[in-house]
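Reader: I should like to understand how certain terms are justified when a protein structure is described. May I put some questions to you?

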Amino acid sequence: MFCVSLAVLLFCCTICYCAVDQCGETHETYSNWLHEENTCSDSQDIGDFGSSLIKDIYTSIKKAEYDLANPSDYPPHYSPQEGEEFDFIIVGSGSAGAVIANRLSEISEWNILLLEAGGNPTKTTEIPSVYMALSKSELDWQYQTDQSEDNCLGMVNNSCNMPRGKVLGGTSAINGNMYVRGNWRDFDSWAAAGNEGWDYENVLKYFKKSENIKSKEVLQTSNYQNYHGENGFLTVDSFNDYGLDGLISGFAEGMKELGYDTNMDVNGESQTGFAKVQGTIINGKRCSTAKAFLSPIKDRTNLKISKNSLVTKLIMGKTTKTAHGVTFLDKQGKEIQVRARKEVIISAGAINSPQLLMLSGIGPRKHLEELGIEVIQDLPVGEKLHDHMIMVGLVLSFNYTREIKSITDHMYDFLKTSNSKLSSIGMLGYSTFINTLENKIDFPDMQIQHGNFEVNDVKSLALILDRLGLREEISKQYHEINSKRYIVLLLPTLLRPASTGKILLSSTDPTDKPQIITGFLSNDDDFETLLRTTEFISKFSSTKAMRKLDTQFHEIAPPACTVHPLSSREFRKCALRHLTSTCWHQTSTCKMGSEKDPTAVVNPQLQVRGVRQLRVADASIMPSVVSGNTNAAVIMIGEKAADLIKESWL
């Protein structure tokens with residue numbers, strides 16, 4: 001079995017190299033390696049082992065590795081010609097854009113161009129457990145927040161990392177794969193604010209339309225068909241627990257002591273409790289929107305996809321206020337213009353969509369004029385930035401052990417089966433949803449996420465802390481706790497933040513990154529919710545179930561906060577300013593609203609107000625961020641947007 005182990009080990013090393021050193025498309029390298037005659041692939045070498053079984057195993061491992069992120073599974077690259085015309089041009093292939101491209105290309109008479117700033121997903125994207133390694137890589141826009149006196153003070157340069165996917169499938173190709181739709185009250189509140197057709201009853205059919213539910217826990221519930229679909233493109237399944245049974249049962253028992261039940265379907269009848277979340281995974285591997293919605297239609301001749309193509313500006317009729325197309329830079333940096341006969345649809349995300357609109361003269365008049373940009377339509381673009389803040393300074397440590405296998409064994413299991421540690425996201429596969437004011441109300445204001453680490457897991461912990469951007473003097477506190485004990489990072493996530501931020505242009509250069517002003521903790525209500533959550537976690541750590549695991553509760557102490565007594569209100573407020581970061585859930589910068597709403601950028605049909613033939617369809621249109629991970633809701637927005645477009649043109 002030496003040759004098989006070597007093959008898996010070489011693959012593991014290459015995957016790790018790719019994740020850490022930010023490699024881009026690696027298929028050619030892998031393909032060359034797979035066909036090297038001197039890498040145990042020669043039949044005579046394998047024959048020396050005296051067994052055809054070994055040859056069969058080795059061949060199957062090679063094929064499984066080769067099939068990971070195989071470029072032939074994705075639509076080919078198309079290079080548009082200067083002035084070429086299409087019926088629809090879609091900017092961005094992420095969680096909404098890929099869906100819209102799929103659904104519009106169902107109409108064979110329509111010609112569609114999808115423009116994506118990145119390339120194909122890499123092999124590393126296929127592995128759910130290493131998603132944090134994808135941030136700060138070539139697949140990430142690598143955004144940083146602007147410095148503030150209120151937040152990110154414990155991060156390098158007082159700036160938080162803000163990952164966004166720059167790849168086919170967008171952030172769905174680099175995120176944690178969690179599929180949480182939010183609360184039904186979120187969508188009913190959208191409709192109540194004047195967004196007709198966006199209430200829960202209406203959007204539920206679009207959630208179901210996308211979905212191919214495979215979670216055995218969900219399928220065992222009697223009424224799952226009321227909430228889930230079984231015929232969609234997007235496979236949704238449960239993560240495997242992989243050796244965490246004792247810890248998970250302890251958390252569940254502790255929550256019961258505090259009055260909360262275990263919830264096996266957070267997207268079903270109730271959201272509250274200690275919940276096993278579902279994920280966008282298929283056979284233990286990532287199911288991005290590129291894999292779900294673009295791969296099955298890669299041979300449709302009326303859909304063209306131009307990769308590594310950065311859209312820099314909309315082509316606008318200044319007097320008619322009509323979008324006629326876009327200008328983009330191809331991989332070689334050549335500027336190309338393409339035209340849209342019917343519409344341009346911007347699905348570039350809550351940071352890039354407002355940036356593109358403002359560069360094109362659609363945005364706040366004062367800000368655009370300060371940069372010398374001619375104003376075509378004065379709208380509050382970039383305002384009302386919502387994001388789920390996470391607090392990263394709370395740690396539980398345990399007297400807990402489990403069997404530890406080698407990375408080679410884990411990778412072998414990953415390539416051959418879906419039951420691998422690499423297919424799992426550990427304790428992150430469970431979330432605690434609570435209402436910090438009233439636990440009887442099924443409308444959580446807090447989601448507590450969990451990240452678990454084996455005793456003295458130096459490399460994995462260092463990677464996470466690096467991706468969070470924590471200063472070295474703060475990071476060492478986590479390592480000190482972990483050096484002797486198993487730890488779980490508790491990540492309280494503020495579901496309905498009162499604080500808002502904004503996106504602004506840094507310059508008129510489309511390749512410059514925009515300013516990201518998070519606004520974290522600018523409203524005192526958010527402090528109070530997070531402080532109540534810290535008290536809840538302290539109580540949770542003292543439950544009988546937690547005491548059985550010899551649980552200890554730790555509060556990370558930024559040096560600037562040690563002037564206050566540990567665990568005091570003053571200490572905790574200081575720690576929040578230092579140890580609050582993003583949960584990757586930016587929304588609302590091109591807010592949807594009625595004609596009477598002065599803060600709205602698009603109407604309920606997602607058309608940009610006062611501009612013809614232009615829509616926005618992505619997380620940026622949410623009137624307010626949903627009460628949960630945003631990816632599922634953005635996919636829903638893509639589904640509904642496609643129907644709205646069809647209604648306009650068919």
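Author: The answers below concern a predicted model, and each sets a value against a definition.

Reader: Why is T551 called buried?

Author: A residue counts as buried when its relative accessible area is under 20%. T551 has 14% relative accessibility, and therefore it counts as buried. T551 is found in the loop between α17 (544–548) and β26 (552–555).

Reader: What makes the approach of the side chain of T551 to the backbone oxygen of M546 a polar contact?

Author: A polar contact requires a pair of N or O atoms within 3.5 Å, one able to donate a hydrogen and the other to accept it. The side chain of T551 reaches the backbone oxygen of M546 at 2.5 Å, so the distance lies within that cut-off. Leaving aside neighbours within four places in sequence, the residues in contact with T551 include M546, L396 and R485.

Reader: How do you know that a disulfide joins C561 to C574?

Author: The pair of cysteine sulfur atoms must lie within 2.5 Å. For C561 and C574 the S to S distance is 2.1 Å, so the pair is called a disulfide. C561 lies in the loop between β26 and α18 (569–579), and C574 lies in helix α18, 13 residues apart. With -80 degrees about the S-S bond, this link of C561 and C574 is left-handed.

Reader: Which other cysteines does a disulfide join?

Author: C152 is joined to C160, with an S to S distance of 2.0 Å. This value also lies within 2.5 Å, so the term applies here. A search of the whole structure finds 2 disulfides.

Reader: Why are C561 and C574 both called buried?

Author: The relative accessibility of C561 is 0%, so C561 counts as buried. C574 has 11%, and therefore C574 counts as buried too. The cut-off is again under 20%.

Reader: What makes a space in the protein a cavity?

Author: A space is called a cavity because a 1.4 Å probe fits there but cannot get out. The whole structure has 4 cavities of 30 Å³ or more, and about 50 Å³ of space lies in the largest cavity. Among the residues that line the largest cavity are F251, M255 and H450.

Reader: How many residues of each class does the lining of the largest cavity have?

Author: The lining of the largest cavity has 7 nonpolar, 2 polar and no charged residues. Helix α16 gives the largest share of this lining, 3 residues.

Terms used: Residues are numbered from 1 along each chain as its sequence is written. This is a predicted model: local features need pLDDT of at least 70, side-chain atom pairs count only at pLDDT 80 or more; totals for chains, interfaces and linings use all residues. Side-chain values use heavy atoms; hydrogens and water are left out. On a 1 Å grid over the protein atoms alone, a cavity is a set of points where a 1.4 Å probe fits but cannot get out, and a pocket is an open set with protein on both sides within 12 Å along at least five of seven lines; lining residues have an atom within 4 Å of a point. Grid points are joined across faces, edges and corners, and a volume is the space filled by probe spheres set on the points. Helices (H or I, at least four residues) and strands (E, at least two) are DSSP runs, numbered from the N terminus. Ala, Val, Leu, Ile, Met, Phe, Trp, Tyr, Cys and Pro count as nonpolar, Asp, Glu, Lys and Arg as charged, and the others, Gly among them, as polar. Buried means under 20% relative accessible area, exposed over 50%, partly exposed in between (1.4 Å probe, protein chains only). Contact means heavy atoms within 4.5 Å.
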